[in-house]
Amino acid sequence: FITAQNHQERVQGFKAELAQKFPGIQVVGIASEDGTPQSETTAAATFLQAHPDVNLLWTTDAGSGFVAQVIKDQGLQGKVLAVGTDRTAEQLAAIQDGTVYATITQDTFAEEWTALYFLYWKYNGLSSISDTCITRPAVITKANVAAMEKPFVSHTPPKDVSDQAYVWVAANIGDPFYTDEIKAWAAAVKDLGVKPTTITGPVNQDVPAQIAVVEQAIANPTT
């Protein structure tokens, strides 16, 4: 499990950040496990016995809740902290009692919401899909753990977006090139339920006039 590419990348990022910002912290080793509760528990117990002076255990997955139980079983609360990745009931409980210091979780709501849109666009030939799409992560600590007992959503899509105005500024709206684009814009506006808008800008190529339209849009609080 620890040999999986995504976990290897997390380890690389963890070590790189420590080296850059906290060079005095030493990484004493990596405990191999397969992601199951039993494996994580055994790996943590063995590692703590082999390294009695360790101060922090970081898990590359959702296992910090199980690691926390090992810390308690060995009487190391207050001496050894755990930091995790992802969000489970065990992790949240351990953060509340102080055994786990923090965990970082991704916005799983936004991941799947965006994924479905991407699939729809791709399947229907509406758009190419970027290789990378980064949603907002969250760091959960004792200060905000109570709020995280509900499904984590960093930014729930608003139910009513009728007051949101999206402005399309073109260089020369008189160009017949925009005929189909205007229809597509109108269809998207209707589908999303945002404030009806259309193409705007100078009729002919005029950069100062185009800038003025942009500035006017920015000054509008609903844009």
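How many aromatic pairs does the structure hold? There are three aromatic pairs in this model, which is a predicted one. Let's use one of them as a way in and then walk through the strands, the helices and the core.

**An aromatic link between helix and strand**

Phenylalanine 14 and tryptophan 58 make a stacked aromatic pair, with ring centres 4.3 Å apart and 10 degrees between the planes. This pair ties together distant parts of the chain, since phenylalanine 14 sits in helix α1 (residues 5–21) and tryptophan 58 in strand β1 (residues 56–58), 44 residues apart. Phenylalanine 14 counts as partly exposed because its relative accessibility is 27%. Tryptophan 58 is partly exposed too, with a relative accessible area of 24%.

**From β1 to β2**

Tryptophan 58 also leads us into the strand pairing, as its bridge partner in β2 is valine 83. Strands β1 and β2 run parallel and are paired over three bridges. β2 is mostly covered, with four of its five residues buried.

Threonine 85 belongs to strand β2 (residues 81–85). Is threonine 85 buried or exposed? Its relative accessible area is 6%, so threonine 85 is buried. Leaving aside neighbours within four places in sequence, threonine 85 is in contact with Arg10, Trp58, Thr59, Thr60, Asp61, Ala62, Gln91, Thr103 and Ile104. Tryptophan 58 of the stacked pair is thus among the contacts of threonine 85.

Next comes aspartate 86, in the loop between β2 and α4. Its phi is near 75 degrees, a positive value in a residue other than glycine.

**Glutamine 91, a buried polar residue**

Helix α4 (residues 89–96) contains glutamine 91. With a relative accessible area of 0%, glutamine 91 is buried. Which backbone atom does the side chain of glutamine 91 reach? That atom is the backbone nitrogen of threonine 88, at 2.9 Å. Not counting residues up to four places away in sequence, glutamine 91 touches Asp61, Ala62, Gly63, Ser64, Gly65, Gly84, Thr85, Asp86, Val100 and Thr103. That list brings back both threonine 85 and aspartate 86.

**The nonpolar core and helix α2**

The largest nonpolar core has 21 residues, of which Leu48, Leu57, Ile71 and Val80 touch the most other members. Elements giving two or more residues to this core are α2 (37–50), α3 (64–73), α4 and β4 (137–140). For leucine 48, the contacts beyond four places in sequence are Val54, Leu57, Val70, Ile71, Gln74, Leu76 and Val80.

Leucine 48 is also one of the buried residues of α2, together with Ser39, Glu40, Ala43, Ala44, Ala45 and Phe47. An α-helix has 3.6 residues a turn, so residues three or four places apart point the same way. The cover over the buried residues of α2 includes β1 and α3.

**Checking helix lengths**

Two helices can be compared with their expected span at 1.5 Å a residue.

| Helix | Residues in helix | Expected span | Distance between end C-alpha atoms |
|---|---|---|---|
| α2 | 14 residues | 20 Å | 20 Å |
| α6 (residues 179–192) | 14 residues | 20 Å | 21 Å |

For α2 the end-to-end distance agrees with the expected span, and for α6 it agrees as well. After α6 comes glycine 193, with a positive phi near 80 degrees.

**The β3–β4 pair**

Strand β3 (residues 100–106) and β4 run antiparallel, joined by four bridges. Within this pairing, glutamine 106 stands opposite proline 137 in β4. The two faces of β4 can be told apart: Ala138 and Ile140 make up the covered face, and Pro137 and Val139 the uncovered one. Proline 137 has 52% relative accessibility and therefore counts as exposed. How far apart are the C-alpha atoms of proline 137 and aspartate 107? They are separated by 5.8 Å, although the two residues are 30 residues apart along the chain.

**A long-range separation from α5**

Alanine 110 is part of helix α5 (residues 108–123). Because its relative accessibility is 16%, alanine 110 counts as buried. Its C-alpha atom is 36 Å from that of valine 28, and the two residues are 82 residues apart along the chain.

How values were computed: Residues are numbered from 1 along each chain as its sequence is written. This is a predicted model: local features need pLDDT of at least 70, side-chain atom pairs count only at pLDDT 80 or more; totals for chains, interfaces and linings use all residues. Side-chain values use heavy atoms; hydrogens and water are left out. Rings of Phe, Tyr and Trp (its six-membered ring) pair if their centres lie within 6.5 Å; planes under 30 degrees apart count as stacked, over 60 as edge-to-face and the rest as tilted. Buried means under 20% relative accessible area, exposed over 50%, partly exposed in between (1.4 Å probe, protein chains only). A polar contact is a pair of N or O atoms within 3.5 Å; within protein, one must be able to donate a hydrogen and the other to accept it, and residues adjacent in sequence count only if both atoms are side-chain atoms. Contact means heavy atoms within 4.5 Å. A nonpolar core is a set of buried Ala, Val, Leu, Ile, Met, Phe, Trp, Tyr and Cys residues joined through side-chain atoms within 4.5 Å. The expected span of a helix is 1.5 Å times one less than its number of residues. Two strands pair if DSSP finds at least two bridges between them.
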